[in-house]
Number of protein chains: 2
Amino acid sequence: MADVAAKAGVSRALVSIVFRNQPGAGRETRERVLRVADEIGYRPDSAARLLARGRSRTLGVMFTVHQTFHMDLIEGIYPEAERLGYDVLLSAAARGRSESQAAEALLGHRCEALILLGADADQECLEQLGRRLVTVSVSRRVPNAPVDFVHTAEGKGVRQAMDHLVGLGHRRIVHIDGGRGPGSAERRRAYRAAMRRHGLEAELRVIPGEHTERSGIETGRMLLAERDRGVPLPTAVLAGNDRCAMGLLMVMTRAGVDVPGDLSVVGYDDSHLSHLMPIGLTTVRQDAALMAEHAVRFAVERLRDEELGPREAVLDPKLVVRGTSGPPRDGDGLSPLAG
Amino acid sequence: MADVAAKAGVSRALVSIVFRNQPGAGRETRERVLRVADEIGYRPDSAARLLARGRSRTLGVMFTVHQTFHMDLIEGIYPEAERLGYDVLLSAAARGRSESQAAEALLGHRCEALILLGADADQECLEQLGRRLVTVSVSRRVPNAPVDFVHTAEGKGVRQAMDHLVGLGHRRIVHIDGGRGPGSAERRRAYRAAMRRHGLEAELRVIPGEHTERSGIETGRMLLAERDRGVPLPTAVLAGNDRCAMGLLMVMTRAGVDVPGDLSVVGYDDSHLSHLMPIGLTTVRQDAALMAEHAVRFAVERLRDEELGPREAVLDPKLVVRGTSGPPRDGDGLSPLAG
DNA sequence: GCGCGCTACTGACGCGCTCCAGGTCAGTAC
DNA sequence: GTACTGACCTGGAGCGCGTCAGTAGCGCGC
């Protein structure tokens, strides 16, 4: 910086002004400084800037590796953060790297706020984070701490999906849940409620699962094994998310089960992947871009106004009917075997 | 920090020593400082630390959103970086956010070195980065600049895959390439060479593509359309990567094409996704963990020894035969239509 | 002529830490 | 007793920037 100042024949303070795009420098000088800086290859040192200013204007985003929907969210976070003048730093949770480790790394880099995508860590850990700095959680509610919450009305989405399936004539509809994954509890609850509302209490079945392809695969194998023992397949499956739906689809298709003739499958998220599936996954769309936008805005607004309490944004999901759902082959929802 | 020092009855320098876990402080003092810090809620300010130390001990990693293989790499980068005492910062390229933007963000946060995963930017931009700081590129070669290069012997992998297919009896083997994506050129070249070597020059066909599911889907649709016009399907496809293979598989399965009976499909990467596909994708395995390890090591070693020239690590790929490849239904590799 | 306001710019301090050249003090050897 | 050692600790400079009071210069009106 001193070099630039010297070579441009101005003071360091002026260089600072130019680089912050602040008033107080003439047109000509401004251009000269910028040109010289470019020649020298100078870039402002964010560490020093941060230290001097006391603010980093950086948002930390924690996500989980392999969660495709997180990628959709990240894609939406960048533009909104840039619009509001914030930098974004990413840190991933992965096998061998816990969410709290990922979050700590972000804290270490002096992020002013944290955006947690589909956090899966224990409640206490999240509460602690929320108390330490401005935190926004996407898809996972964190009570007892000032943490903003952005999510879709899970219940509404599930209800739409269930009405769709029942409307098609399905009765034996099972749900593969997402364990303690974000949003799972609400989805599970809504599934149960929908089954009851449609008078299908007797058919109600929740299979414990996860938000992974593996979970879909394992469930699929289990269902196929059951079929081989004489238990009829369900006619429809409401998966915990798209990844799970996809794993299930792969097993079923592979095993010669016709989708949607023998089995309808509905996912959740409408992630990038499901967009690209030519098989056309029927799924509940969560608007990733909009969720990301809300998350960033919440963080920035809380940063601007310390007094602001934590808020919640509930977005409307929307059922997207594609190719994996259709009327069951046997109108009454019972397979020939069981009939 | 001053508060901690005062309350613990020591100098600030001593607090610094304690927090850096350096020798020069007594057991008792150390514990006292730590205890006081905990009470006050003090955490060292990394910005100031970084500024004072002149080193950030941070590795910047640029990746592309939705590239599943990058997630596998990231998963491998974290543990190795931690082992060597480095922090990792992630920055994603995405729609609306170019690779150079992603890299700039990393530079702004004072990363000492850059690891580029499957960079796709123009040569000049990469060369410039390489000249500015220690840079390691994974899967994409950057000549004319001191950039380390980690990749697999693409040719070897393709050759194995081709020998496998030809050994099964395939003759009409097409290749969907990865455009100017990392590794594509070598894979394409190796495919051509293999076809020639097996005397299948007449059957040689490269379909332009990308490393995305969409590309596989589009190619699949195109091939099906050709079939409907009387052009026989190939009996085997060597896809540019797993994502592409997957898109293709989805279309084909959906269209009732039996895999591998009517069509064998071979992918490339053995990414997380292909692991999870119950359909068992035959693919060329790239050892993501090992590649990540090399990338981190290269960066750290170059950081330690400025004089070190750029190096190259070539890892051996390995064909993993799973369920999507098998002998063609018609032994001669010609479909009934064409026969 | 003077004061006034305005723009363009400067000087110096401080952000919270690390680093280094010391200082202090018990312990040990002779 | 002196000389030396090593463990433990301190003071102060400085990392590269932002900030803000302050200065210089200039046109304007009266």
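A salt bridge here is a side-chain nitrogen of Lys or Arg within 4 Å of a carboxyl oxygen of Asp or Glu. Keep that cut-off at hand for the first stop, and bear in mind throughout that this is a predicted model.

**Stop 1: a pair that crosses between chains**

Select B:Glu104 and A:Arg43. The two form a salt bridge, and their closest N and O atoms are 2.3 Å apart. B:Glu104 sits in helix H6 (residues 99-108) of chain B, while A:Arg43 is in the loop between helix H3 (27-40) and H4 of chain A, so this pair joins two chains. Side chains of opposite charge can pair when their charged atoms come close.

Now swap the chain letters and select B:Arg43 with A:Glu104. Their side chains also meet in a salt bridge, at 2.8 Å from N to O. How many salt bridges does the rule find across the interface of chain A and chain B? There are 6 across that interface, and over all chains the structure holds 52.

**Stop 2: the rest of the protein interface**

Widen the selection to everything in contact between the two protein chains. You should pick up 52 residues from chain A and 53 residues from chain B. Of the interface residues of chain A, 100% are also interface residues in chain B, so the copies meet through the same surface. About 4900 Å² is buried between chain A and chain B, and carbon and sulfur atoms give 61% of that area.

If you draw polar contacts, the count between chain A and chain B is 15 residue pairs, with both residues at pLDDT 80 or more. Next, colour the elements of chain A that give two or more residues to the side touching chain B:

- the helices H4, H5 (68-83), H6 (99-108), H10 (213-228), H11 (242-254) and H12 (272-276);
- the strands S1 (58-64) and S2 (87-93).

Colour by residue class instead, and this side of chain A shows 24 nonpolar, 12 polar and 16 charged residues.

**Stop 3: the axis**

Two copies of a chain are related by a rotation about an axis and a shift along it. What rotation superposes chain A on chain B? A rotation of 180° does so, with 0.2 Å of shift along its axis and an RMSD of 0.5 Å. That is the relation of a two-fold axis. To place the axis from the side of chain A, select A:Ala47: its C-alpha is the one in chain A nearest the axis, 2.1 Å from it.

**Stop 4: DNA strand D**

Show the protein residues around DNA strand D. There are 25 of them, and the closest are A:Met1, A:Ser16, A:Arg20, B:Ser11 and B:Thr29. Of the atoms of DNA strand D that come within 4 Å of the protein, sugar and phosphate account for 64%.

Three distances to draw:

- From the side chain of B:Thr29, an N or O atom is 2.6 Å from a phosphate oxygen of DNA strand D.
- From the side chain of A:Arg49, an N or O atom is 2.8 Å from a phosphate oxygen of DNA strand D.
- From B:Ala52, a polar backbone atom is 3.3 Å from a base oxygen of DNA strand D.

Which element gives the most to the surface near DNA strand D? Select H4(A), which supplies 5 residues. By class, this surface has 13 nonpolar, 5 polar and 7 charged residues.

**Stop 5: DNA strand C**

Move on to DNA strand C, which is surrounded by 25 residues; the closest are A:Ser11, B:Met1, B:Ser16, B:Arg20 and B:Tyr42. Begin with B:Tyr42, where a polar side-chain atom lies 2.7 Å from a phosphate oxygen of the strand. At B:Asp45, a backbone N or O atom lies 3.0 Å from a phosphate oxygen of DNA strand C. For a base contact, go to A:Ala52, which has a polar backbone atom 3.3 Å from a base oxygen of DNA strand C. H2 and H4 of both chain A and chain B give two or more residues to this surface, and H4(B) gives the most, with 5 residues.

**Stop 6: backbone details**

Finally, select A:Val259 and A:Pro260. The peptide bond between them is cis, with omega near 5°, and A:Pro260 is in the loop between H11 and strand S9 (264-269) of chain A. In chain B, the bond from B:Val259 to B:Pro260 is cis with omega near 10°. End at A:Ser139, which has a positive phi of about 75° although it is not a glycine. A:Ser139 is found in the loop between strand S4 (134-138) and strand S5 (147-152) of chain A.

Key. Residues numbered from 1 in each chain as written. Chains lettered and ligands numbered in written order. Predicted model: local features only at pLDDT ≥ 70, side-chain atom pairs only at ≥ 80, totals over all residues. Heavy atoms only, no water. Near = heavy atom within 4 Å. Polar contact = N/O pair within 3.5 Å; in protein donor to acceptor, adjacent residues only side chain to side chain. Helix = DSSP H or I, 4+ residues; strand = E, 2+ residues; numbered from the N terminus. Nonpolar A, V, L, I, M, F, W, Y, C, P; charged D, E, K, R; others polar. Least-squares fit on C-alpha atoms with pLDDT ≥ 70 in both. Contact = heavy atoms within 4.5 Å. Buried area = accessible area lost by both parts, 1.4 Å probe.
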